[in-house]
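Colleague: I should like to go through this model with you and ask, for each label, what justifies it. Please show me the structure first.

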Amino acid sequence: IIKIKPEFPRFEIYCGMDENFVANCLGGGDGVIGALGNIDPVLSYSMKKALENEDFSKVCELQKKFNNMVRIFEVTKPYIPAVKTAMVLKGFPMDDICMCPFGRSDNQQRDKISRILRGY
């Protein structure tokens, strides 16, 4: 960011992991292309707006929700089935089937994802 933005100010820099969203923006980056935005787009939008407005008390509040939600990534390996299951549990009109070899979340994983979603 430090080297690119001065030379190419219109070049946008996004991180790929939700855990780095705030650090990227505070360091001069532009946002995140992460999985949590699929599960809760309002949360991701709210974080971006709070960062743009320099409302750091709101950033801290929302970061706690992000910290809880990223636990979804630990439920399945890789995390794609867990993200799809979370989206179904949030009410998105879709199925949580993943292409082979990923499969779908089992009942125990589904329960864990549900508990994580209720925790924020």
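Modeller: Helices and strands here are DSSP runs, a helix having at least four residues and a strand at least two. On that basis the chain has seven helices and two strands. Please note that this is a predicted model.

Colleague: How do the elements of the chain run from the N terminus on?

Modeller: The elements run α-β-α-β-α-α-α-α-α. The C-alpha atoms fill a box of roughly 50 × 30 × 25 Å along the principal axes. The accessible surface comes to about 7500 Å², and 56% of that surface belongs to carbon and sulfur atoms.

Colleague: What share of the residues in the chain is buried?

Modeller: Buried residues make up 36% of the 120 residues. As for contacts between residues at least 6 apart in sequence, 44% join residues at least 24 apart.

Colleague: Why is phenylalanine 21 paired with phenylalanine 66, and what makes the pair edge-to-face or stacked?

Modeller: Rings pair if their centres lie within 6.5 Å, and planes over 60 degrees apart count as edge-to-face. The centres of phenylalanine 21 and phenylalanine 66 are 5.8 Å apart and the planes stand at 65°, so the pair is edge-to-face. Phenylalanine 21 lies in helix α2 and phenylalanine 66 in helix α5, so the pair ties together parts that are 45 residues apart in sequence.

Colleague: What is the other kind of geometry, in the pair of phenylalanine 73 and tyrosine 79?

Modeller: That aromatic pair is tilted, with 4.7 Å centre to centre and 40° between the planes. Stacked requires under 30 degrees and edge-to-face over 60, so the rest count as tilted. By this rule the count comes to two aromatic pairs.

Colleague: Why is phenylalanine 73 called buried, and tyrosine 79 partly exposed?

Modeller: Buried means under 20% relative accessible area, exposed means over 50%, and partly exposed lies in between. Phenylalanine 73 has 8% and is therefore buried, whereas tyrosine 79 has 30% and is therefore partly exposed. By the same cut-off phenylalanine 21, at 4%, counts as buried, and so does phenylalanine 66, at 2%.

Colleague: Which residues have the most contacts inside the largest nonpolar core?

Modeller: They are Phe21, Leu36, Ile39, Met47, Leu51, Ile72 and Leu117, in a core of 27 residues. Helices α2, α3, α4, α5, α6 and α7 each give two or more residues to this core. In soluble globular proteins, nonpolar side chains tend to be buried together. Leucine 117, leaving aside its neighbours within four places in sequence, is in contact with residues including Ile39, Met69 and Ile72.

Colleague: Where is leucine 89 found, and why is it called partly exposed?

Modeller: Leucine 89 is found in helix α6. Its relative accessible area is 34%, which makes it partly exposed because that label covers values between 20% and 50%. Beyond four places in sequence, leucine 89 is in contact with Arg110, Ile113, Ser114 and Leu117.

Colleague: What makes the side chains of threonine 85 and serine 105 a polar contact?

Modeller: A polar contact requires a pair of N or O atoms within 3.5 Å. The side chains of threonine 85 and serine 105 are joined at 2.8 Å. Threonine 85 lies in helix α6, and at 0% relative accessibility threonine 85 counts as buried. Beyond four places in sequence, threonine 85 touches Asp96, Ser105, Arg110 and Ile113.

Colleague: How do you know how many disulfides the whole structure has?

Modeller: A search of the whole structure finds zero. A disulfide needs two cysteine sulfur atoms within 2.5 Å. For cysteine 15 the nearest cysteine sulfur, that of cysteine 25, is 7.0 Å away, and cysteine 15 is in no disulfide. For cysteine 98 the nearest cysteine sulfur, that of cysteine 100, is 11 Å away, and cysteine 98 is likewise in no disulfide. Cysteine 15 is buried at 13% relative accessible area, and cysteine 98 is buried at 10%.

Colleague: Where is the place of glycine 16, and which residues does glycine 16 touch beyond four places in sequence?

Modeller: Glycine 16 sits in the loop between β1 and α2. Glycine 16 touches Val32, Ile33 and Gly34. From glycine 16 to valine 32 the C-alpha distance is 5.8 Å, although the two are 16 residues apart in sequence. With a relative accessible area of 47%, glycine 16 is partly exposed.

How values were computed:
Residues are numbered from 1 along each chain as its sequence is written. This is a predicted model: local features need pLDDT of at least 70, side-chain atom pairs count only at pLDDT 80 or more; totals for chains, interfaces and linings use all residues. Side-chain values use heavy atoms; hydrogens and water are left out. Buried means under 20% relative accessible area, exposed over 50%, partly exposed in between (1.4 Å probe, protein chains only). A polar contact is a pair of N or O atoms within 3.5 Å; within protein, one must be able to donate a hydrogen and the other to accept it, and residues adjacent in sequence count only if both atoms are side-chain atoms. Contact means heavy atoms within 4.5 Å. A nonpolar core is a set of buried Ala, Val, Leu, Ile, Met, Phe, Trp, Tyr and Cys residues joined through side-chain atoms within 4.5 Å. Rings of Phe, Tyr and Trp (its six-membered ring) pair if their centres lie within 6.5 Å; planes under 30 degrees apart count as stacked, over 60 as edge-to-face and the rest as tilted. Accessible areas come from the Shrake-Rupley method with a 1.4 Å probe; for residues, only the protein chains shown count as cover.
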